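Me: I have a structure open and want to learn how to read it. Can we go feature by feature?

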Amino acid sequence: DYQVPHVFVVGGASGDLAKKKIYPTLWGLYKDQLIPKQTFFVGYARSKFSILELREKVEPFFKVGPNENEVLEEFWKMNSYVAGSYDKGPDFQTLDSHIRGLSCKAHRIIYLALPPTVYQSITKNIHDYCMAPKECWTRIIVEKPFGHDSQSSAELSKHLSGLFVENQLYRIDHYLGKEMVQNLVIQRFGNRMFAPLWNRDNIASVVISFKEPFGTFGRGGYFDTFGIIRDVMQNHLLQMLSLIAMEKPVSLNAEDIRNEKVKVLKCIKPIEITEVVLGQYMGDPNGPNEDSRTGYLDDPGVSKDSVTPTFATAVLFVKNERWDGVPFILRCGKALNERKAEVRVQLKDVSGDIFTRGQLARNELVIRVQPDEAVYMKIMGKKPGNSFDCEETELDLTYASRYAGVKLPDAYERLILDVFLGSQIHFVRSDELAEAWRIFTPLLHKIDKERIKPVKYTFGSRGPKESDDLLKKYNFTYTGTY
Ligand code: BG6
C-alpha cells in the first residue's frame, strides 16, 4: 500500500506530546524512508499557528544529521497546519477539505494527542466529517489515559466502538514499543531453556519495577488527578506482567497474542489495599538542585493536602495452574534514586542444598528494559582459583556490548510505523483495557474515597521502607540493587 498517498493528522499539534514525541518521530520515519514518500502531515489544534511557527516549536526536538538539511526541507514541504476547535463540525469539514486538497484518495492516520475531555467530541467529528474515502482506510491512534476507572473507560470504549471498528483503533501503550518488552515474547517462547522453569514450581516471585529520578514538576496538574497507579502501573507495568505470565499464543497474530493477554488478566483478582504501599515524595532540603528540593505538594498545580501517590508497590496473584501462589510485585515511583525499568524473575531456592548454609543465592533472570538494555542471569559458579567455594556471578547479555552500534528505535517510532503497516500486535485491545481497569478500580476508588494517606519519602531515596518490607514479606531475596 506504500504506493497510495497517506495523510497523518496530528490532533493536538501544539501540545507537549506532539512536540517531544510525535513530530520528532515522524521526522525520523520520513528521513529513514520507512513510511511512504507521499505522506502528508497535517497538524490540527486550537491555536492559530503558521506552519513556520509550528516548525520553530517542534524542530528543536529533531535529531538532524550533518547531511540531512535537504531532506529536512522536503519533510517540511509535506507539512501543513489547520487551526480549529475539537467540538465544532464545520471545523472538521474544513480539515477534511484541506486533506482532500492534498490528496483525494489517501489513507488517513489520525493521532489524538489530546486531553481525554475532548475525546468524545473529536472522535465523533472525525467519524462524521473526516473519514478517508471508501477504497482507503482510516486508523485512529488513541493516547492514554483511556478513562480513569472501569466505568469511565467502558463509556469511552462504548463511544468509540459506536464510531469505529476495533481494527481502526490503535490504543498506544508506549511500553509495548520498547525493545526489551517486545523481546519478552521471543525469549519466553523461542527458548527451550525457559519453558520448563516458567511456573509456580520453580519461580518464587516476579518483581516489575519502574523508577524515575525526577518528580512531576510542571505536570502536577495532570498528575494530581491521576496518580502513579493510573499513570504507569495500570498500563505499562501490567502490560509487562501479562507478557511474562501469559500462555503461549497459537501464533504471532495480533488477535492470538491479545487473546492470551486477556486470559491471563482475567485470572487476576482485584488488588487488596493490604497488599499495597503508597508513597508521596517530599523535597530534600539538602538536594543538589531546585527540583530535588521541591516536594510534590510544593508544585503550584497540586493542592496542599493532596494524597495522590507518586509511588506505589502492589502485589498481584494470577490464579491459574501455572502461577497460583506466586507474587507478582509491581513497583513504581517518581523522584527516586535512579532511572530504571526492569523485570526480575526470582527462582526458588535449590532443593537438597549440599553447600555450606547461606552460600547459595537464588537464581534470577533480569530483563532490564532501560536504561542499558540487557538480559542477565544471576547464577552460582565456582569462585575461580584454588578454592572450591561458590560465588554468585552473571551470564550477561548487555546490548551495548553484544549489539554495539545497532540503533534501537524509540518506542514511538516502532509503534507509529506499525500503524502504517496495520499491525496491532503491540497495541491494547478494548477487552484487555477493561480487564486492566477491573483489577485496579476497587483499589483506586478506595484510595480516592477514603483519602488514604501515602507514606512520605524523600526525593532521591529508594522510596518508602514499607515497600521493601512488603517485598520481604513475599520472600523476595535481595541480591544487588533492585
Ligand atoms: C508515561 C507517563 O506514560 O510514561 C510518565 O505518563 C512517565 O509519567 C513515562 O514519565 C515514562 O516513559 P519512559 O519511556 O520515559 O520510561
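Me: What share of residues 187-478 is helix, and what share is strand?

Reply: Over residues 187-478, helix makes up 31% and strand 23%. The C-alpha atoms at the two ends of this stretch are 24 Å apart. UniProt, in an unreviewed entry, places the feature "domain: Glucose-6-phosphate dehydrogenase C-terminal" at these residues. Keep in mind that the model is predicted.

Me: What does the predictor say about confidence, as average pLDDT and as ipTM?

Reply: Where pLDDT is low, predicted coordinates should not be read in detail. Here the chain averages a pLDDT of 95, and 99% of the residues score at least 70. For the complex, the predictor gives an ipTM of 0.96 and a pTM of 0.95.

Me: How many disulfides are there?

Reply: Look at the sulfur atoms. A disulfide needs two cysteine sulfur atoms within 2.5 Å. By this rule the count is 0. C130 is in no disulfide, with the nearest cysteine sulfur, that of C136, 14 Å away.

Me: Why is C104 not bonded to C136?

Reply: Because the sulfur of C104 is 9.0 Å from that of C136, its closest cysteine sulfur, and that is too far for a bond.

Me: Which residues surround the ligand?

Reply: Among them are K144, H174, Y175, K178, R219, K334 and Q370. Now check the polar atoms. An N or O atom in the side chain of K144 is 3.0 Å from a ligand oxygen. For H174, a polar side-chain atom lies 2.8 Å from a ligand oxygen. For K334, the distance from a side-chain N or O atom to a ligand oxygen is 2.7 Å. The protein covers 81% of the 400 Å² of accessible area that the ligand has on its own.

Me: Where are the cis peptide bonds next to P145 and P371?

Reply: Most peptide bonds are trans. The bond from K144 to P145 is cis, with omega near 0°. P145 sits in the loop between β5 (138-142) and α6 (150-163). Another cis bond joins Q370 and P371, with omega about -15°. P371 is in the loop between β12 (364-370) and β13 (374-382).

Me: What is the phi of A335, and what is that of R451?

Reply: Most residues other than glycine have a negative phi. A335 has a positive phi of about 55°. R451 is positive too, near 45°. A335 lies in the loop between β10 (327-333) and β11 (340-347), while R451 is in the loop between α13 (430-450) and β15 (455-458).

Me: Is A335 buried or exposed?

Reply: A335 is buried, with a relative accessible area of 0%. R451 is partly exposed, at 42%.

Notes: Residues are numbered from 1 along each chain as its sequence is written. This is a predicted model: local features need pLDDT of at least 70, side-chain atom pairs count only at pLDDT 80 or more; totals for chains, interfaces and linings use all residues. Side-chain values use heavy atoms; hydrogens and water are left out. UniProt positions are given in the numbering used here, feature names are shortened, and annotations may be inferred rather than shown by experiment. Helices (H or I, at least four residues) and strands (E, at least two) are DSSP runs, numbered from the N terminus. pLDDT is the predictor's confidence in each residue, from 0 to 100. A residue is near a molecule or strand if one of its heavy atoms lies within 4 Å of it. A polar contact is a pair of N or O atoms within 3.5 Å; within protein, one must be able to donate a hydrogen and the other to accept it, and residues adjacent in sequence count only if both atoms are side-chain atoms. Accessible areas come from the Shrake-Rupley method with a 1.4 Å probe; for residues, only the protein chains shown count as cover. Buried means under 20% relative accessible area, exposed over 50%, partly exposed in between (1.4 Å probe, protein chains only).
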